[in-house]
Amino acid sequence: MDILLMHSSALIIAPASPKRQALTDALRATSLFADVCMTTNGQSALESVHLRQVAMIFCQQQKLTPSSLDWLKALKKKEELSDIPVVVLIEKGEASDRILALDLGACDCLPADICGQEMAARIRAHLRQKERMDHLRQVKSDLARLALTDSLTHLYNRAFFDVTLEAELARSVRTGKPFSLMLLDLDHFKKVNDTYGHGQGDRVLQEVAKCLGRTVRRTDTPCRYGGEEFAIILPETNAPQAFTLASRIHKSLQAVSERFGLLGQPITISIGLTCFAGDNTISPQDVVEQADCALYAAKRKGRNRTEMFSPEDAFLDFLPPHASQTGEYAFA
């Protein structure tokens, strides 16, 4: 049987007794679990599932009461644990007990003296169901990741950038704390593609993306904005701090440039920066336009440098009248 959960554990919740030992022996006899572990109460069980790779839980009860399965309700509230099958075994149970157990989240409620073959068959059915649920959860996670990341560079994509920028701008307005946006564009990248082919160009983009991922802080959001252009959202970052990070990026790219030295030209990048703090008249589009103007200023002034947005460098016809930042920096 192709059940990956054979490398996982079964967890028994029951006081120490000959009956618990009998259940332990029966579970081991199924050869469906790598290990069978035990605890005496539900609270300990909640702690155990975080420490062990638990595939299934078995709870032995003499008589079922609503409070005796409080731990089960807590388990089902945790998304990452909610698919673990829970089997309740009752020594003296009525139909109302079985209904209660199922209503609280158990996948099965069985008599304590159920025969070994039927127990094994039910366990296999529940494990197959869990395997399907785990697969669906993984597929959902993979699809979410693919929807938010660029397949070539594995950075966040433009769609994620748009959503995050809007959220960060709103947070800045709410808290009054600054944030910065950095737009980055590889210099003379078309020459790399035209001379050495798109395959080599893709490898350069991948190495640059890795460089950005290593250089930014954990709180920053690096994205592939499109083509050879990247963007980094910098929460709670003022202009000098953003410029310091840009300087680190320029220096870090030197190693990438050396790796591709045979291309006949250095791998350099131009960077445009803009910074805001609590301005509720600014839109996400304004933020991008200002960073874009700063980027074009860096290109015009020689490339391989960083420029902070300044109205003197802006294409004023395309900017709202309230857009203003001061200060200019150049990477030496």
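# Exercises on a predicted model

In this predicted model, strand S4 is covered on both faces, with Val86, Val88 and Ile90 buried on one side and Val87 and Leu89 buried on the other.

## Exercise 1. The surroundings of strand S4

Determine how far S4 is enclosed, and identify which strands pair with S4 and how they are connected to it.

Solution.

Step 1. Strand S4 spans residues 86–90, and five of its five residues are buried, so the strand is largely enclosed by the rest of the structure. The cut-off applied here is a relative accessible area under 20%.

Step 2. In a regular strand, side chains alternate between the two faces of the sheet. The assignment of Val86, Val88 and Ile90 to one side, and of Val87 and Leu89 to the other, follows this order.

Step 3. Strand S3 (residues 54–61) runs parallel to S4 and is joined to it by five bridges. Within this pairing, Cys59 lies opposite Val88.

Step 4. Strand S5 (residues 108–111) is also paired with S4 in the parallel sense, here over four bridges. Leu89 of S4 has Leu110 of S5 as its bridge partner.

Step 5. The connections can now be added. Helix H3 (residues 70–77) forms a right-handed β-α-β unit with S3 and S4. Helix H4 (residues 95–103) forms a right-handed β-α-β unit with S4 and S5.

## Exercise 2. Strand S8 and its antiparallel partners

Establish whether S8 is enclosed or open, and describe its pairing with S6 and S7.

Solution.

Step 1. Seven of the seven residues of S8 (residues 229–235) are buried, so this strand is largely enclosed by the rest of the structure.

Step 2. One face of S8 carries Glu229, Ala231, Ile233 and Pro235, while the other carries Phe230, Ile232 and Leu234; all of these are buried, and both faces are thus covered.

Step 3. Strand S6 (residues 178–186) pairs with S8 in the antiparallel sense over seven bridges. Strand S7 (residues 221–226) does so over five bridges, likewise antiparallel.

Step 4. Ile233 serves as a reference point for both pairings. Leu181 stands opposite Ile233, and Thr221 has Ile233 as its bridge partner in S8.

Step 5. S7 and S8 form a hairpin with two residues between the strands, in which Gly227 adopts a positive phi near 55 degrees.

## Exercise 3. The packing of helices H8 and H9

Describe the geometry of the H8 and H9 crossing and the residues that form the contact.

Solution.

Step 1. The axes of H8 (residues 198–215) and H9 (residues 239–259) come within 9 Å and cross at roughly 140 degrees. The crossing is right-handed.

Step 2. From H8, the contact involves Glu207, Val208, Cys211, Leu212 and Thr215; from H9, it involves Leu245, Arg248, Ile249, Ser252, Leu253, Val256 and Arg259.

Step 3. Sorted by class, the residues of this contact comprise seven nonpolar, two polar and three charged.

## Exercise 4. Two helix residues

Classify Ser48 and Ala167 by accessibility, and place each in its surroundings.

Solution.

Step 1. Ser48 belongs to helix H2 (residues 42–51). Its relative accessibility is 16%, so Ser48 counts as buried.

Step 2. Beyond its neighbours within four places in sequence, Ser48 is in contact with Leu11 and Val54.

Step 3. Ala167 belongs to helix H6 (residues 158–175). Its relative accessibility is 47%, so Ala167 counts as partly exposed.

Step 4. Ala167 and Gln285 are separated by 118 residues in sequence, yet their C-alpha atoms are 13 Å apart in space.

Methods. Residues are numbered from 1 along each chain as its sequence is written. This is a predicted model: local features need pLDDT of at least 70, side-chain atom pairs count only at pLDDT 80 or more; totals for chains, interfaces and linings use all residues. Side-chain values use heavy atoms; hydrogens and water are left out. Buried means under 20% relative accessible area, exposed over 50%, partly exposed in between (1.4 Å probe, protein chains only). Two strands pair if DSSP finds at least two bridges between them. A crossover is right-handed if, with the strands pointing away from the viewer, the path from the first strand over the helix to the second runs clockwise. Axes are lines fitted to C-alpha atoms, for helices over the stretch in contact, and angles run from 0 to 180 degrees between N-to-C directions. A crossing is left-handed if the near helix is turned anticlockwise from the far one by less than a right angle, and right-handed if clockwise. Contact means heavy atoms within 4.5 Å. Ala, Val, Leu, Ile, Met, Phe, Trp, Tyr, Cys and Pro count as nonpolar, Asp, Glu, Lys and Arg as charged, and the others, Gly among them, as polar.
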